[in-house]
Amino acid sequence: MSDRLRVAILGAGMAGAAAARRLADAGSLVSVFDKGRSVGGRMATRRHGTMRFDHGAQFMRAHGDAFAAQLLEWERRGIAAAWAGEGRRVGVPDMTAPVRDLLAGLPVTSGITVARIRRIDLGWHLDAADGVHGPFDTVVITFPAPQVTALLDASGYALPGVERATYAPCWSVLVAAEGAATGALVKPGAGPIGLIALDGSKPGRPPGTRLTIHATADWSRDHLEEPREAIIAALLPVAERHLGVALRPTYAEAHRWRYAQVDRPLDRSAVYDPALRLGAAGDWCLGARIEAAYDSGSALAGAILANLGGGP
Ligand SMILES: Cc1cc2nc3c(=O)[nH]c(=O)nc-3n(C[C@H](O)[C@H](O)[C@H](O)COP(=O)(O)OP(=O)(O)OC[C@H]3O[C@@H](n4cnc5c(N)ncnc54)[C@H](O)[C@@H]3O)c2cc1C
């Protein structure tokens, strides 16, 4: 039997992918599980026929050295490219590309909702609809904080502080249209819309008018339980006014992100219980952006490795 550390990574967003890559590069045997159909988490791309929309995060930006170096490396390899100025980078050909790159060659099981984790004789097991996975030496959970808490509660475990982190929701509307909208990124600054991104302006995407409209956190909270049609009907005319064009949509869809952007982070890089060999990471540790998820996942991997005596 191998004496390599067996780590289950729950969640294949940026935090899970960063943790998985760092642990795998240090020699651990990682297995990644995600309930989604594909990887990326909130770095998400919706397909409709031949059309694609980034309907979650729109761009990445680096504040610290580690993520800046990672962005440069992705840019050099064509996995990220500059968009809309001010240091913004997008994944190429879509926003899932950076996460797919980190997970390349690692075992990822998609479409698996982990309902419970159990520790039997020092080995962790995961309960999912398709059966039990394990044993693992260590479990890393990288869901949004309320979903981490739900899994821990269902399993009879706790990690300190997770419940303190909170999120704002976001309604996202995807539109393909005949009207020719120009520009790249519109941030109105007032009203129900926080941001409009023109997908055709992003590098590596086909031309054409495809928009992602993100409502503000306040508006999304106030309209959280409304039907999709009402959300589209409310936001489309406002977007037309901001863009100065009659869109004439050929396709419109709305997606509700219940946990979109962190509004109260934990202000710790990650949470790890070395006695249990159980940890959690995600944007909710450090702040509302992709870089925070990357830094948190990397930090948790570092803490796990340091605890083995192998150094971060
Ligand atoms: C609408 C929107 C716009 C945004 N815009 C930007 C932006 O422009 N720039 C920016 O930097 N950030 C932006 N963000 C925030 C950014 O997307 C996140 O900070 C980052 O992607 C979070 O990564 P994560 O790995 O922490 O979590 P996630 O990406 O949420 O990954 C968690 C994963 O866990 C999986 N999961 C959850 N529960 C289970 C379960 N029980 N079993 C198995 N798997 C499970 C989920 O499927 C998901 O894939 C935006 C977010 C949204 C929603």
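How many Å separate the centres of domain 1 and domain 2, taken over C-alpha atoms? Keep that question in mind as you look at this predicted model.

**Two domains**

The domain assignment divides the chain into domain 1 (6–43 + 96–165 + 267–307) and domain 2 (166–263). Their centres, taken over C-alpha atoms, are separated by 30 Å. Where the two domains touch, domain 1 supplies eight residues and domain 2 supplies six residues. On the side of domain 1 that touches domain 2, you will find five nonpolar, one polar and two charged residues.

**Around the ligand**

Where does the ligand lie with respect to domain 1 and domain 2? Both domains give residues to the shell around the ligand, so the ligand lies between them. There are 39 residues around the ligand, and the ones that come nearest are Gly11, Gly13, Gly41, Arg42 and Arg289. Several elements give two or more residues to this shell, and the table shows them with their residue ranges.

| Element giving two or more residues | Residues |
|---|---|
| Helix H1 | 14–25 |
| Helix H4 | 145–155 |
| Strand E12 | 166–177 |
| Strand E16 | 249–264 |
| Helix H8 | 290–307 |

Sorted by class, the shell around the ligand holds 20 nonpolar, 14 polar and five charged residues.

**Helix H8 meets helix H2**

Helix H8, which gives residues to the ligand shell, also packs against helix H2 (residues 65–76). Two packed helices are described by the angle between their axes and the distance between the axes. For H2 and H8, the angle is about 105° and the axes are 10 Å apart. That angle makes H2 roughly perpendicular to H8, because angles of 65 to 115 degrees count as roughly perpendicular. If you want to find the contact yourself, look for Ala66, Phe67 and Gln70 in H2, which meet Glu291, Tyr294, Asp295 and Ser298 in H8. The residues of this contact divide into three nonpolar, two polar and two charged.

**A three-stranded sheet**

Now turn to an open sheet of three strands, in the order E8-E9-E10, with antiparallel pairing. Strands of a sheet pair through backbone hydrogen bonds, either parallel or antiparallel. Why is one side of E8 and of E10 left without a neighbour in the sheet? Strand E8 (114–120) and strand E10 (131–136) stand at the edges and each has a single partner strand, so one side of each has no neighbour there. On average, neighbouring strands of this sheet are turned by 20° against each other, direction ignored.

Strand E9 (residues 123–128) pairs with E10 in the antiparallel sense over four bridges. You can also look for Trp124, which stands opposite Phe136 in E10.

Notes:
Residues numbered from 1 in each chain as written. Predicted model: local features only at pLDDT ≥ 70, side-chain atom pairs only at ≥ 80, totals over all residues. Pairing = 2+ DSSP bridges. Axes fitted to C-alpha atoms, helices over the stretch in contact; angles between N-to-C directions. Domains from an automatic or database assignment. Contact = placed C-beta atoms within 7 Å. Nonpolar A, V, L, I, M, F, W, Y, C, P; charged D, E, K, R; others polar. Near = placed C-beta within 6 Å. Parallel < 35°, antiparallel > 145°, perpendicular 65-115°, else oblique.
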